[in-house]
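Student: I would like a close look at one part of this model, followed outward into the rest of the chain. Please go slowly and explain each term when it first comes up.

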Amino acid sequence: MTAGAPRQPACLWAAFARGARLALCVLLTSPVAAVAQEAVAARYEGAVTRYPHGVLGDEIEYDTLAVTLSDGRVLRRRWDAPLVFEDVAPRLWDVTGDGLPEIVTIESHETRGARLAVWAVTEGSLDPLAATPFIGQRFRWLAPVGAADLDGDGAIEIAYVDRPHLAKTLRIWRYADGALREVAAATGYTNHRIGWDYIAGGLRDCGGGPEMILASGDWSRVVALRFDGTLTARDLGAYSADRIAAPVTCR
């Protein structure tokens, strides 16, 4: 499995290498001219070992989110205990639909497990924008799929797999009115194995609208899912590392 985001017109992300710096990607929106306070890259800093889950292949997580702006400044926000960033890399995804990227992270709590969190750059400050609830138990994780207007209603949805090793549940959250609200869920899908330092599959648009590319819960098949108010699945064939990567690049 190749750990890296494919470059394509729709600019939809696939797997992320742990600790990688990400480039700007505007998801399914009109081009917007660069502004001084636009996020153009993001990374994690401040390695810590206070949350020894090891789901990503080691027991090192991070306490700091660092975001580089288009004017060269770097903004940082640090979590003290009980929170860490338990993630492969921060993502620059447009969550609000304004054509500019927010920063999407995975944050884990010492006793309540992981949540998906969105950060925004506003007037030179890096601040929390919205977050899903924590899963509710220590050492329980989630693996993002992508962000786009999945159902064409004008609002952005974020997809992730809740506990890809246990519950194997795809969840869709819509951002509206300053908050994330769950709008759909389906069991039997995954995108991560314990110890992997990347997330498989991702989101694509090959001309017919956005599709989520995942593995079946038993890793036997590759599946494309669409959301139009309900989730529908289409089989893409027997699972292999190459097969789950190829659909994301529209091959």
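Student: Which residues does Ser108 touch, not counting residues up to four places away in sequence?

Tutor: Before the answer, a word on what we are reading: residues are numbered from 1 along each chain as its sequence is written, and side-chain values use heavy atoms, with hydrogens and water left out. This is a predicted model, in which local features need a pLDDT of at least 70 and side-chain atom pairs count only at pLDDT 80 or more, while totals for chains, interfaces and linings use all residues.

Leaving out residues up to four places away in sequence, Ser108 touches Tyr51, Pro82, Leu83, Val84, Glu86, Gly113, Ala114 and Trp141, where contact means heavy atoms within 4.5 Å. Ser108 itself lies in strand S6, residues 102–109; strands (E, at least two residues) and helices (H or I, at least four) are DSSP runs, numbered from the N terminus. Because its relative accessible area is 0%, Ser108 is buried; with a 1.4 Å probe and protein chains only, buried means under 20% relative accessible area, exposed means over 50%, and partly exposed lies in between. One of the residues that Ser108 touches, Glu86, is also joined to Ser108 by a polar contact of 2.5 Å between their side chains. A polar contact is a pair of N or O atoms within 3.5 Å; within protein, one atom must be able to donate a hydrogen and the other to accept it, and residues adjacent in sequence count only if both atoms are side-chain atoms.

Trp141, another residue touched by Ser108, leads us to the largest nonpolar core, which has 22 residues and in which Val95, Leu116, Val118, Trp141, Ile158 and Leu180 have the most contacts. Such a core is a set of buried Ala, Val, Leu, Ile, Met, Phe, Trp, Tyr and Cys residues joined through side-chain atoms within 4.5 Å. The elements that give two or more residues to this core are S6, S7 (113–122), S9, S10 (157–162) and S11. A second, separate core of 16 residues includes Ala148, Ala159, Ala184 and Met212. In soluble globular proteins, nonpolar side chains tend to be buried together. Ile158 has contacts that include Val95, Leu116, Val118 and Leu180.

Some of these strands also belong to a sheet. Four strands form an open sheet in the order S9-S10-S11-S12, with antiparallel pairing; two strands pair if DSSP finds at least two bridges between them. S9 (142–148) and S12 (179–187) are the edge strands, each pairing on one side only. Strand S11, residues 169–176, is joined to S12 by 8 bridges, and Arg174 stands opposite Arg181 in S12.

Met212, which the second core includes, takes us to strand S15 (210–216), where Met212 stands opposite Leu225 in S16. S15 is largely enclosed by the rest of the structure, because 7 of its 7 residues are buried. Antiparallel bridges join S15 to several strands: 2 to S13, residues 189–190, 4 to S14, and 4 to S16, residues 221–227. Among the bridge partners, Tyr189 is matched with Ser216 in S15, and Gly202 with Ile213 in S15. The hairpin of S14 and S15 has 4 residues between the strands, and there Gly207 takes a positive phi near 115 degrees.

The loop between S14 and S15 also holds Cys206, which is linked to Cys250 in the segment after helix H1 (241–245), 44 residues apart. Their sulfur atoms are 1.9 Å apart and form a disulfide, a term for a pair of cysteine sulfur atoms within 2.5 Å; a search of the whole structure finds 1 disulfide. Cys206 is partly exposed, with a relative accessible area of 43%, and Cys250 likewise counts as partly exposed at 34%.

For the wider setting, the protein chain has 1 helix and 17 strands, and 51% of its 251 residues count as buried.
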